[in-house]
Amino acid sequence: MEWPWSRKDPELAAAAVQKSTLIDGVDHLVAALPDPILILDRSGIVIKANANAEEMLEMTPVGLHLSQAIRAPAVLEAVTRAISQGSSANVDYEVRGPIPRNFEVYVSPILPAQSDSPAVLLVLKDLTREQQIERMRSDFVANASHELRTPLASLSGLIETLQGAARNDEEAREKFLDLMRSQAERMKRLIDDLLSLSRIEMNVHLRPSAKVDLAQVARHVCDLLSSMAQEEKVTLQINLDAKFEVAGEWDELVQVVVNLVENAIKYSEPGKTVNIEGSREDGFVTLSVIDEGRGIAEEHIPRLTERFYRISVQESRSRGGTGLGLAIVKHILNRHRGRLLVTSQLGHGSRFTIRLPAI
Ligand code: ADP
């Protein structure tokens, strides 16, 4: 590509920037736009750049040739075409480095190609987050399909056996029907959790406003889970002597506490106790579910609320887990402007605390 000035000649570059008085009036407009914006003259020198562009490029590009700011032949070619043919284009631009970023660069001539500067507008659209979300979405669909396919495959296998080898075997039939029921229940739990997640996501922007007492929620959850606790020989204890009121939705907050207490029971040995405590501090209400289970190694803690993240998939499945419980907790708390805090000591137990603004 031929540029009519030397990249190393600062005087020429400064003169080009000076010549850009034509567009001084649009300075405020460029500064106010949310995307990184660059304006070039006909020789490819950057004559305007808004703060977003400087931040994205990690430099002040004004006065430099575009190729010093963006090292991407495709972008430079699009600029040449904009100048020589007056055509606009969208070009992909990938910034490599420890944290790679992807941009779509919109390159457009500003004035007819024959006229004097300014010549080209570049709008950079950061696609990194969008692409990350897209990847997460497709991972999620793949994970959910895989989770559903496993029990479905075992159901098909059991049906085949019942129609064939076990057709006239009364005892085997009972056993297989039991297995089929547990696989069907697993699929139902998974679908219920997936539906909960999507319902919560749909309402995420609607802030709940009803008055809910977390102490009452905790007592209700203990009633709901008392038979499970008995079966697992785990004692449930509540130490809440006051009201802990927050703005929330009763059903969703019950689901949060159910998921936490269920986990505390599931991941505890028989004979252990699960405690539920509350406190109030600096305008916040907290509710903690404390178990004496095996604890969680530090490296797992930041990932626990990811969908389908389980420390041991086998163990979670054998205990009826879907790997979605804590993701649901996180989403509900987001909607309530709350947070989940997890502390744990391997071999001694874990503390899951929810923290919500008090009313
Ligand atoms: P699951 O349905 O597998 O229980 P969750 O999203 O509720 O899914 O939890 C994710 C993972 O976090 C679990 O599989 C388990 O490995 C771990 N976990 C959650 N709660 C506890 C706890 N109280 N003690 C130990 N591990 C826990």
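**Core and helix packing**

Colleague: In the largest nonpolar core, which residues touch the most other members?
Modeller: This is a predicted model, numbered from 1 along each chain as its sequence is written. Local features need pLDDT of at least 70 and side-chain atom pairs 80 or more, while totals for chains, interfaces and linings use all residues, and side-chain values use heavy atoms without hydrogens or water. The core (buried Ala, Val, Leu, Ile, Met, Phe, Trp, Tyr and Cys joined through side-chain atoms within 4.5 Å) has 49 residues, and the members touching the most others are Leu214, Leu260 and Ile354.

Colleague: Which helix gives the most to this core?
Modeller: Ile354 touches Leu214, Val256 and Leu260, among others (heavy atoms within 4.5 Å). Val256 and Leu260 fall within residues 250-266, and the helix giving the most, 9 residues, is H9.

Colleague: How do H8 and H9 lie to each other?
Modeller: H8 (residues 214-231) and H9 (residues 250-266) have axes 9 Å apart. Among the residues making their contact are Leu214, Val221 and Leu225 of H8, with Val254, Val257 and Val261 of H9. Their angle is about 45 degrees, so the pair, neither under 35, over 145 nor 65 to 115 degrees, is oblique.

Colleague: Is Gly349 buried or exposed?
Modeller: Gly349 lies in strand S12, residues 349-357. Beyond four places in sequence, Gly349 touches Asp291, Glu292, Gly293, Arg294, Gly295 and Ser344. Its relative accessibility is 8%, and because buried means under 20% (exposed is over 50%, partly exposed in between, 1.4 Å probe, protein chains only), Gly349 counts as buried.

Key
Axes fitted to C-alpha atoms, helices over the stretch in contact; angles between N-to-C directions. Helix = DSSP H or I, 4+ residues; strand = E, 2+ residues; numbered from the N terminus.
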